[in-house]
Amino acid sequence: EDPDFPPEQRSFGLGRQSEKVVWQRIDKIIKKPVFVGGKIEPHDILQGRIGDCYFLSAIAGLAEKDHRIKSIFGSLEISPSGIYMARILYKGVFQEVVVDDYFPVSKYSQTIMGANPAKGEEIWVMVLEKCWAKLFGSY
């Protein structure tokens with residue numbers, strides 16, 4: 001677990017207290033996850049219930065050229081230890097953001113609250129969204 005961005009309600013969002021979530025590891029959410037399933041494309045991005053379309057549309061623009069997205073990540077493989085890293089330009093400075101593989105899931109419907117895996121298995125969007133959320137303190 002990431003001690004700086006723990007899988008707790010406060011990491012999901014202060015304004016979302018009515019939305020109760022549970023945090024599940026990626027292998028409990030997706031049967032056979034892959035980090036990238038071939039070429040990265042804008043249609044890999046599926047928005048969940050979180051209103052972060054501003055962010056997802058920005059990464060869709062980057063995904064027009066898949067090397068732009070691939071260069072962000074430290075690895076393009078599923079991490080057996082559940083640790084992922086992305087280099088994000090934040091306030092004019094590149095920062096390496098490290099996150100674990102716990103993601104918020106609706107306590108009631110068991111649906112993923114954030115970005116959903118494209119084709120049911122690719123997780124790069126979920127990881128990048130979580131890195132962005134960590135920079136801001138919550139989803």
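**Pocket**

I began with the largest pocket, which holds about 270 Å³ of space. The model is predicted, and I kept that in mind throughout. Which residues sit closest to the centre of this pocket? I noted Leu62, Ile72, Arg87, Ile88 and Leu89, out of 14 lining residues. Next I looked up which elements give two or more residues to the lining: helix H3 (53-62), strand E2 (83-90) and H5. H3 has the largest share, with 5 residues. I then sorted the lining by class and got 11 nonpolar, 1 polar and 2 charged residues.

**Aromatic pairs**

I turned to the rings. The count of aromatic pairs came to 9. I took Phe5 and Tyr139 to begin with. Their ring centres are 6.2 Å apart and the planes meet at 35°. Stacked pairs need planes under 30 degrees apart and edge-to-face pairs need over 60, so I logged this one as tilted.

Where do the two residues of this pair sit? Phe5 is in the segment before helix H1 (9-12), and Tyr139 is in the segment after H5. They are 134 residues apart in sequence, so the pair ties together distant stretches of the chain. Buried or exposed? I checked Phe5 and Tyr139. Phe5 has 2% relative accessibility, so I wrote it down as buried. Tyr139 has a relative accessible area of 10% and is buried.

Phe35 and Tyr84 were my next pair. They are stacked, at 5.5 Å centre to centre with 20° between the planes. Phe35 is in the loop between helix H2 (26-29) and H3, while Tyr84 is in strand E2. This pair also links distant parts of the chain, 49 residues apart. Both residues are buried.

I went back to Phe5 and Tyr139 and found them in one aromatic cluster together with Phe12 and Trp23.

One ring has a charge over it. The charged end of Lys130 sits over the ring of Phe103, and I noted 5.3 Å to the ring centre.

**Helix H5**

I picked two residues in this helix, which covers residues 124-136. Glu129 is one of them, and Val125 is the other.

Is Glu129 buried or exposed? Its relative accessibility is 4%; buried means under 20%, so Glu129 counts as buried. I listed its contacts, leaving out neighbours within four places in sequence: Asp52, Phe55, Gly114, Ala115 and Tyr139. Tyr139 I had already met as the ring partner of Phe5.

Val125 has 2% relative accessibility and counts as buried. Beyond four places in sequence, I found Val125 touching Asp44, Ile45, Leu56, Ile59 and Ala115. I followed up Ile45. Val125 and Ile45 are 80 residues apart in sequence, yet their C-alpha atoms are 6.4 Å apart. Ala115 appears in my contact lists for Glu129 and for Val125.

**Strand E3 and the loops on either side**

Gln95 lies in strand E3 (residues 93-100). At 29% relative accessibility, I put Gln95 down as partly exposed. Which residues does Gln95 touch, not counting those up to four places away in sequence? I wrote down Ala86, Arg87, Ile88, Tyr90 and Leu135. Among these, Arg87 and Ile88 were already in my notes as residues close to the pocket centre. Leu135 is 40 residues from Gln95 along the chain, and I noted a C-alpha separation of 9.4 Å.

Lys91 is in the loop between E2 and E3. I flagged its backbone: phi is positive, about 55°, although Lys91 is not a glycine. Is Lys91 buried or exposed? Its relative accessibility is 71%, and the cut-off for exposed is over 50%, so Lys91 counts as exposed.

Asp101 is in the loop between E3 and strand E4 (102-106). Here I found 3% relative accessibility, so this charged residue counts as buried. Its contacts, beyond four places in sequence, are Gln24, Arg25, Ile26, Gly82 and Tyr84. Tyr84 is the residue I had logged as stacked with Phe35. Last, I looked up Asp101 against Pro117. They are 16 residues apart along the chain, with 13 Å between their C-alpha atoms.

Technical notes: Residues numbered from 1 in each chain as written. Predicted model: local features only at pLDDT ≥ 70, side-chain atom pairs only at ≥ 80, totals over all residues. Heavy atoms only, no water. Helix = DSSP H or I, 4+ residues; strand = E, 2+ residues; numbered from the N terminus. Buried < 20%, exposed > 50% of the residue type's maximum accessible area, 1.4 Å probe, protein only. Contact = heavy atoms within 4.5 Å. 1 Å grid on protein atoms, 1.4 Å probe; cavity = no way out; pocket = protein on both sides within 12 Å on 5 of 7 lines; lining within 4 Å. Points joined across faces, edges and corners; volume = space filled by probe spheres on them. Phe/Tyr/Trp six-rings, centres within 6.5 Å; stacked < 30°, edge-to-face > 60°. Lys NZ or Arg CZ within 6 Å of the ring centre and 35° of its normal.
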